[in-house]
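Trainee: I should like a close look at one part of this model, namely the way its helices pack against one another. Please take me through that packing and then relate it to the rest of the fold.

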Amino acid sequence: MSGGSIAEPTELLDWWRRGEEHLATALGRLTDEEFAAPSLLPGWDRRRLLAHLARNADALVNLLTWARTGTETPMYPSPESRDAGIAEAAGLPPAVLRTELMAATGRLTDAVRAMPADAWSAQVRTAQGRPVPATEVPWMRSREVWVHAVDLDAGVDFVDVPEDVLAAVVDDVFRMWEVRDQAPDLAVFAGDREWGTGSLAVAGTLPDVAGWLTGRTSGAALQADGPLPTLAAWL
Ligand code: ZN
């Protein structure tokens, strides 16, 4: 440890704040009756997705508390309690679930405000057991809110996500594959950005590339010099 003058992660916090607003906009387009309809995530209705987003905010409060106090506070006590928390919130009446998500987001905002600058470099662990600095927490929330806002099927799409966030999402997908030794044999191109050094070249717009690599689309809009492979899940 350097003893620390690591400042708060300004860019990540900016993506996170804008992402929460983006999610709130998507949520605002849905009527209570529409909560029971499917999301774009197979097997997840919108209630369950919103319940997950609320519990995820609280789980990330736990990581910031851990970073700030040094007392180990995991995201979830166990996978079972994570699932139980989502199921419970998903069963709330829509108006209550809406309020609960906003309240959880408010708790996360408070936890971010309570972080002293030097606590951002503290190490915590993700639910998968990966050690990360607390600076990763606003990114973990950013990718949740930006991508699940699309999954809500409320009329927002990857084209509505800022390019720098989309590029960071694609970076994240490749990083996760690398960690799990699941990197596909691909070289992916979007504008002047590229990922991977594999043998199959795939190109498209950044929203189309991000949609396919995150498992949200079939990749039909992409250009490739061979059949697209089946990809490992991102998260
Ligand atoms: Zn999620």
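Mentor: In this predicted model, helices α1 and α4 pack with their axes 12 Å apart and at an angle of about 170 degrees. An angle over 145 degrees counts as roughly antiparallel, and α1 is therefore roughly antiparallel to α4. On the α1 side the contact is made by L13, W16, E20, L23, A24 and L27; α4 contributes R98, L101, M102, T105, L108, T109 and V112. Sorted by class, this contact of α1 with α4 holds nine nonpolar, two polar and two charged residues.

Helix α1, which spans residues 10-28, also packs on α5. Here the axes come within 8 Å and cross at roughly 30 degrees, so that α1 is roughly parallel to α5. The crossing of α1 past α5 is left-handed. From α1, the residues in this contact are L12, L13, W15, W16, R18, G19, E20, H22, L23 and A26, and they meet P138, W139, R141, S142, V145, W146 and A149 of α5. The contact of α1 with α5 comprises 11 nonpolar, three polar and three charged residues.

Helix α4 (residues 94-113) has a further packing partner in α2 (residues 46-69). The axes of α2 and α4 lie 9 Å apart, at an angle of about 20 degrees, which makes the two helices roughly parallel. As in the case of α1 and α5, the crossing of α2 past α4 is left-handed. The α2 face of the contact consists of R47, L50, A51, L53, A54, R55, A57, D58, L60, V61 and L64. Opposite them in α4 stand L97, E100, L101, A104, T105, R107, L108, A111 and V112. By class, the contact of α2 with α4 has 14 nonpolar residues, one polar residue and five charged residues.

A metal site links two of these helices. The zinc ion has H52 (NE2), E144 (OE) and H148 (NE2) as its protein donors, lying 2.1 Å from the ion. Along the chain the donors follow the spacing H-x91-E-x3-H. Because H52 lies in α2 and E144 in α5 (residues 136-151), this pair ties together parts that are 92 residues apart in sequence.

Beyond the helices described so far, there is also an open sheet. Its four strands follow the order β4-β3-β5-β6, with mixed pairing. Strands β4 (193-195) and β6 (223-224) stand at the edges with a single partner strand each, so one side of each is left without a neighbour in the sheet. Strand β5 (residues 200-203) runs antiparallel to β6 and is joined to β6 by two bridges; A203 has Q223 in β6 as its bridge partner. Helix α6 (residues 163-179) packs on this sheet, where α6 touches β3 (186-190) and β4. The direction of α6 makes about 15 degrees with that of β4. Helix α7 (residues 206-213) lies across β3, β4 and β5, and runs at about 145 degrees to β3.

Methods:
Residues are numbered from 1 along each chain as its sequence is written. This is a predicted model: local features need pLDDT of at least 70, side-chain atom pairs count only at pLDDT 80 or more; totals for chains, interfaces and linings use all residues. Side-chain values use heavy atoms; hydrogens and water are left out. Two strands pair if DSSP finds at least two bridges between them. Contact means heavy atoms within 4.5 Å. Axes are lines fitted to C-alpha atoms, for helices over the stretch in contact, and angles run from 0 to 180 degrees between N-to-C directions. Angles under 35 degrees count as roughly parallel, over 145 as roughly antiparallel, 65 to 115 as roughly perpendicular and the rest as oblique. A crossing is left-handed if the near helix is turned anticlockwise from the far one by less than a right angle, and right-handed if clockwise. Ala, Val, Leu, Ile, Met, Phe, Trp, Tyr, Cys and Pro count as nonpolar, Asp, Glu, Lys and Arg as charged, and the others, Gly among them, as polar. Donors are N, O and S atoms within 2.8 Å of the metal (3.2 Å for Na, K and Ca); water is not among the atoms, so sites may look incomplete.
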